[in-house]
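The following exercises concern one protein model with a bound ligand. Each task is followed by a worked solution.

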Amino acid sequence: MPTRPLALVTGASSGIGTVFARALAARGYDLLLVARDGARLRVLAAELATTGASATPVVADLTTDAGLAVTEEAITRAGRLDLLVNNAGFGTKGQLVDSPLQLQDQMLRLHVIAVNRITCAALQPMKPARRGGIITVSSVASFINSTGNVNYCATKAYQRSFSEGLALECGPLGIRVQALCPGFTHTEFHQRMADDQQGRAPEWMWLSADDVVQSSLRQLEAGGATICIPGAQYKVAVFLARHLPLWVKGLMTRNVYKRD
Ligand SMILES: NC(=O)c1ccc[n+]([C@@H]2O[C@H](COP(=O)([O-])OP(=O)(O)OC[C@H]3O[C@@H](n4cnc5c(N)ncnc54)[C@H](OP(=O)(O)O)[C@@H]3O)[C@@H](O)[C@H]2O)c1
């Protein structure tokens with residue numbers, strides 16, 4: 001019997017990560033599900049098993065060396081990997097000067113160090129197989145800077161730039177690389193950071209996690225561009241962010257991301 005392809009999704013316990021896991025199981029993948037909340041991962045694994053997928057929870061805090069080691073070991077033990085989704089992430093509220101240093105440090109670890117470490121682990125089996133895919137969930141925030149989001153925008157820009165560089169190296173190896181750049185998406189993200197964007201941003205700015213994930217997988221499967229921006233409204237916004245003068249962008253982002 002042919003082996004089912006294997007995908008690893010970080011941040012699989014909630015939001016976009018859970019939707020990726022479900023969409024990949026429906027496409028015939030087995031899964032390694034990574035997050036801190038083991039109970040939620042086990043519930044998801046049981047749900048996916050009913051669709052015929054074998055899903056293994058990997059309980060790991062990816063801001064720690066121990067959590068990264070557990071995740072790297074899961075890839076080494078499998079000895080193969082067809083798709084990596086670097087999705088785990090979080091936002092913070094408030095200006096850098098007032099933000100707890102530890103929280104900002106954790107963001108850098110999760111959005112930068114963990115993405116690099118897990119991607120390098122994933123490349124080990126992908127390179128000799130000469131196939132595979134690596135999706136990193138960046139953000140439209142990677143194209144802007146705004147008050148209250150200094151490290152969020154900076155780390156999301158790292159993820160996008162990392163993916164664009166990696167795509168150049170991986171193309172000749174047969175490995176597809178994508179930086180997925182969603183805008184506001186209905187998940188637990190904004191509740192977790194006690195943000196009020198959920199109530200403040202107009203409805204037309206919101207995406208569903210299903211639409212985000214389907215856009216991403218369709219574009220990857222089609223061998224499309226490295227950057228994936230779901231939703232026409234965000235394609236226009238990113239075009240403007242890349243082409244408008246800095247002072248105009250400043251006015252726009254101050255409005256969207258205004259903090260008290
Ligand atoms: N929602 C949006 O508006 C939006 C827009 C653009 C980009 N994004 C990006 O989309 C990605 C997914 O976010 P989401 O919207 O789906 O938010 P979410 O519902 O809050 O999910 C975040 C996931 O990340 C995991 N996670 C957080 N810290 C972790 C850690 N230290 N170690 C391991 N896992 C950790 C969480 O699991 P545990 O708590 O169980 O560890 C959870 O599964 C993030 O990278 C975010 O930056 C979101």
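**Exercise 1.** Classify Asp82 as buried or exposed, and describe its salt bridge.

*Solution.* Step 1. Asp82 has a relative accessibility of 10% and therefore counts as buried; the classes are buried for under 20% relative accessible area, exposed for over 50%, and partly exposed in between (1.4 Å probe, protein chains only).

Step 2. The model is a predicted one, in which local features need pLDDT of at least 70, side-chain atom pairs count only at pLDDT 80 or more, and totals for chains, interfaces and linings use all residues. Residues are numbered from 1 along each chain as its sequence is written, and side-chain values use heavy atoms, with hydrogens and water left out.

Step 3. Asp82 pairs with Arg131 in a salt bridge whose closest N and O atoms are 2.6 Å apart. The criterion is a side-chain nitrogen of Lys or Arg within 4 Å of a carboxyl oxygen of Asp or Glu. Side chains of opposite charge can pair when their charged atoms come close.

Step 4. Asp82 lies in the loop between α3 (65–78) and β4 (83–86), and Arg131 in the loop between α4 and β5, so the pair ties together parts that are 49 residues apart in sequence. Helices (H or I, at least four residues) and strands (E, at least two) are DSSP runs, numbered from the N terminus. Arg131, at 47% relative accessibility, is partly exposed.

**Exercise 2.** State how many salt bridges there are, and examine those of Glu164 and Arg192.

*Solution.* Step 1. The count comes to 11 salt bridges.

Step 2. Between Glu164 and Arg160 the closest N and O atoms are 3.5 Å apart. Both residues belong to helix α5, four residues apart, about one turn of the helix. Glu164 is partly exposed at 30% relative accessibility, whereas Arg160 is buried at 13%.

Step 3. In the salt bridge of Arg192 with Glu188, the closest N and O atoms are separated by 3.3 Å. Glu188 is partly exposed, its relative accessible area being 24%. Shared partners join Arg40, Glu188 and Arg192 into one network of salt bridges.

**Exercise 3.** Describe the surroundings of the ligand and its contacts with Ser13, Asp61 and His190.

*Solution.* Step 1. The ligand is surrounded by 31 residues, the closest being Ser13, Ser14, Arg36, Tyr152 and Thr187; a residue is included if one of its heavy atoms lies within 4 Å.

Step 2. The side chain of Ser13 has an N or O atom 2.8 Å from an oxygen atom of the ligand. For Asp61, a side-chain N or O atom is 2.9 Å from a nitrogen atom of the ligand. A polar side-chain atom of His190 is 3.0 Å from a ligand oxygen atom.

Step 3. Alone, the ligand would expose 890 Å², of which the protein buries 97%; these accessible areas come from the Shrake-Rupley method with a 1.4 Å probe.

Step 4. Two or more residues of the shell come from each of α1 (15–26), α5 (150–170) and α6 (189–192). The most, three residues, come from α6.

**Exercise 4.** Compare the settings of Cys120 and Cys181.

*Solution.* Step 1. Cys120 is placed in helix α4 and is partly exposed, with 36% relative accessibility. Its C-alpha atom is 9.0 Å from that of Glu72, 48 residues apart along the chain.

Step 2. Cys181 occupies the loop between β6 (175–180) and β7 (185–186) and is buried, with a relative accessible area of 0%.

Conventions:
A polar contact is a pair of N or O atoms within 3.5 Å; within protein, one must be able to donate a hydrogen and the other to accept it, and residues adjacent in sequence count only if both atoms are side-chain atoms.
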